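I opened this notebook to record what I looked up, one entry at a time. The entries follow the order in which I consulted the structure.

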Amino acid sequence: MSLLSVNQARERILSHFQPVTTELLPLAGCSNRVLAQDIAATSDLPPFNNSSMDGFAVRAADVVDAASDAPRSLRVVTDIPAGSHPTITLASGEAARIMTGAPVPEGADAVVPVEETNFDNRDAGTPAPDEVQIFRAAKSGANVRPRGMDLRAGEVVLNPGRSLKAQDLGLLAMLGFATVLVFRKPRIALFSSGDELLPVDAPLEEGKIRDSNSYTLATLMEETGTEVIRLGVAKDNPDSVKDLLEQAVTLQVDLILSSAGVSVGAFDFVKQVIEANGKMDFWRVNMRPGKPLAVGEYKSIPFIGLPGNPVSSFVGFEVFVRPTLQRLRGSSDGVRQTVRVRCQEQIDSDGRESYLRAQIREESGALVASLTGHQGSGNLHSLVQANALLIIPAGVKCVPAGQEVDAWFI
Ligand code: AMP
Ligand code: MG
């Protein structure tokens, strides 16, 4: 059993995964789904010249000399509320009352806000005046949002692989995409393993602990846009492990994820059961925490076994499972985005690629990190106190105070 680098292990895992199939969904169901089609603008945006203010549409040339002590008087020929479609062409000496978002009529090339006129009554239902006094000159184009200023018809605005965010859905709505081709939501079966594990509502007993990994991992998976099927806890015996794996097969999941039971402990049956019905590689990865990792398949369903210690399984998720889920769901994202941070104190490492719990804060414009709590892989509290993982590269045994390292906000 050779020692793999984190990158080697990740690449090996990823090479086994392809995106799931696609489906056409109503736009309202597309939040956090991954786009599977190019989106090209179906129209200019905005689709017509419109006013960015409540005011009066004018010909800028008519009001070049307007001032508060020398107002320019214009005849108000029409009223243009939002949603209407003016048919007039504004002639010299004329103005049209106009609302924000309403189309600017032919002939007009500027909007004078109500505040710069003698008619600033905006109460609902107030009719437009017959005449308006303009107190200030307006440049041609002032307060007019020209057609196509944001986007031209035909421009590609979103590409496949994009995980759809709130503003994306807004833009898709603007462009009239009532349905969108997205990747199906991957279905992942999750189980914990170990005779020591109690359900969350059980009182603690001597020698037992509560199963926390399934809550941490399920949450991470749901946040990553996948559907989690919680299979519960497998006991440390082959029948129990097999029972859960068979459930995953029946449910036709895209991946089985487990925690614990994959080290070389005498009671670790996961490996044994999977090997009898598929294959399983047992890897040692040059990382800390979370050296052991199991990767294989059970009856053709891919399987990833994370280590059991709560922080190890969290880190293993971030390093290996997050990019795997991203690939499955069709996303072009991988691991979390890296930021550079300055270490507040000296950090000693052991030469493995290390993922350390830290609190990052801003100090005079720079991001500064200090380690939280006990860094042992069972100490979940120190992970709760952290807002980031610092990444100490392989081969480094000491990072002096003040030096910069990579980090992931978590
Ligand atoms: P194992 O990989 O089975 O040797 O487990 C390693 C460590 O992780 C042991 O201390 C286990 O008790 C602990 N552990 C395993 N599974 C869980 C779990 N689901 N929740 C919390 N701790 C766990
Ligand atoms: Mg165990």
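**Entry 1: Ser-51**

I began with Ser-51, which I found in strand β4, a strand covering residues 50–51. I note at the outset that this is a predicted model. I then asked whether Ser-51 is buried or exposed. Its relative accessible area is 0%, and buried means under 20%, so Ser-51 counts as buried.

Next I looked up which residues Ser-51 touches, not counting residues up to four places away in sequence. The list includes Ile-98, Met-99, Thr-100, Gly-101 and Ala-102. Val-104, Val-111, Asn-143 and Arg-145 are also touched by Ser-51.

**Entry 2: The open sheet**

I turned to the strands and asked in what order they lie in the open sheet of 5 strands. I read the order as β8-β5-β7-β6-β9, and the pairing is mixed. The edge strands are β8 (110–113) and β9 (131–134), each of which pairs on one side only. From one strand to the next, the twist averages 40°.

I then examined how β5 (residues 55–58) is joined to β8. I recorded 4 bridges between these strands, which run antiparallel. As one case, I followed Val-58 and found that its bridge partner in β8 is Ala-110.

**Entry 3: The largest pocket**

I moved on to empty space in the model. Rolling a probe the size of a water molecule over the atoms shows where such space is left. For the largest pocket I noted about 330 Å³ of space. Its lining consists of 24 residues. Which of them lie nearest the centre of the pocket? I wrote down Ala-260, Pro-307, Gly-308, Asn-309 and Pro-310.

I also looked up the elements that give two or more residues to this lining, and they are β13 (187–193), β15 (209–210) and α6 (310–328). By kind, the residues lining the largest pocket divide into 8 nonpolar, 12 polar and 4 charged.

**Entry 4: The largest cavity**

How many cavities of 30 Å³ or more are counted? I recorded 1 cavity. The largest cavity has a volume of about 40 Å³.

I listed the residues that line the largest cavity: Asn-32, Arg-33, Val-34, Phe-183, Arg-184, Lys-185, Pro-186, Gly-225 and Arg-329. I then sorted the residues of this lining by kind and obtained 3 nonpolar, 2 polar and 4 charged.

Conventions. Residues are numbered from 1 along each chain as its sequence is written. Chains are lettered from A and ligands numbered from 1 in the order in which they are written. This is a predicted model: local features need pLDDT of at least 70, side-chain atom pairs count only at pLDDT 80 or more; totals for chains, interfaces and linings use all residues. Side-chain values use heavy atoms; hydrogens and water are left out. Buried means under 20% relative accessible area, exposed over 50%, partly exposed in between (1.4 Å probe, protein chains only). Contact means heavy atoms within 4.5 Å. Two strands pair if DSSP finds at least two bridges between them. Axes are lines fitted to C-alpha atoms, for helices over the stretch in contact, and angles run from 0 to 180 degrees between N-to-C directions. On a 1 Å grid over the protein atoms alone, a cavity is a set of points where a 1.4 Å probe fits but cannot get out, and a pocket is an open set with protein on both sides within 12 Å along at least five of seven lines; lining residues have an atom within 4 Å of a point. Grid points are joined across faces, edges and corners, and a volume is the space filled by probe spheres set on the points. Ala, Val, Leu, Ile, Met, Phe, Trp, Tyr, Cys and Pro count as nonpolar, Asp, Glu, Lys and Arg as charged, and the others, Gly among them, as polar.
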